[in-house]
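Biologist: I should be grateful for a close look at a single part of this structure. Please describe one loop residue, its surroundings and the helix that follows.

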Amino acid sequence: MTAFIPRQRDGGDRAPFVLVVVGTDVHRFDRLVDWLERWHAGRPSVRVVLQYGHSRPPRLPGATPFLGHEELQRAMAEATLVVSHGGPATITEARRTGHLPIVVPRDPGHDEHVDNHQQLFARRLGTAGLVRLCWSEAELVAALDEGLADPSRFTLANSDGPDPRAEAVARVGRVIDDLVARRVRQRAGGRR
């Protein structure tokens with residue numbers, strides 16, 4: 001497999017392009033779909049591709065239930081902004097393609113997932129500055145509008161030093177390892 005090198009997302013004369021990925025979990029994520037529909041209604045010139053999974057089909061022209069891996073990679077490379085659920089793989093892919101992803105974690109309180117692992121993971125990444133974390137519709141709208149006004153704020157900088165994609169993956173891996181280790185310690189402590 002060859003390394004995927006993202007092309008420059010300088011905005012140029014292209015219309016802004018927002019990619020939204022809710023993942024493939026069997027739970028619906030209608031809350032995020034609703035937020036995006038309301039946001040897009042006031043910004044019809046923004047191209048939105050929404051991979052909505054098992055959520056209700058959105059009233060957006062670029063909505064699709066699922067994207068193949070190569071199609072997802074291509075869309076991430078071309079997107080101005082990437083919005084993601086709190087899934088580690090999607091977040092890592094977005095960062096690998098040069099994005100600071102806007103993350104809305106699924107909430108088990110809304111029957112969007114079986115537990116709160118996406119919330120815990122996203123909170124850790126948000127605290128570390130690895131994602132732009134949004135808990136509410138207002139926060140998502142603010143992040144999207146900020147990102148469209150200045151896409152460079154949501155683009156990972158290239159450097160002449162270590163590969164920033166490798167560094168991002170390593171940082172995310174360390175966060176996952178720490179969360180798993182804590183969970184193991186909690187379970188072991190409960191059996192005593």
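Modeller: The account below starts with histidine 85 and proceeds to α3. This is a predicted model, in which local features need pLDDT of at least 70 and side-chain atom pairs count only at pLDDT 80 or more, while totals for chains, interfaces and linings use all residues. Residues are numbered from 1 along each chain as its sequence is written, and side-chain values use heavy atoms, with hydrogens and water left out.

Histidine 85 sits in the loop that runs between β4 (81-84) and α3 (88-96); helices (H or I, at least four residues) and strands (E, at least two) are DSSP runs, numbered from the N terminus. With a relative accessible area of 7%, histidine 85 counts as buried (buried is under 20%, exposed over 50%, partly exposed in between; 1.4 Å probe, protein chains only). Leaving aside residues up to four places away in sequence, histidine 85 touches Val21, Val22, Gly23, Phe29, Thr90, Ile91, Val103, Val104, Arg106 and Gln118, where contact means heavy atoms within 4.5 Å.

Among these residues, Thr90 also lies among the buried residues of α3, together with Ile91, Thr92, Glu93, Ala94, Arg95 and Arg96. The helix α3 is thus mostly covered, with seven of its nine residues buried. After α3 comes glycine 98, which has a positive phi near 95°.

Aspartate 111, in the loop between β5 (102-103) and α4 (117-127), is by contrast exposed, with a relative accessible area of 59%. Its phi is also positive, near 60°, in a residue other than glycine.
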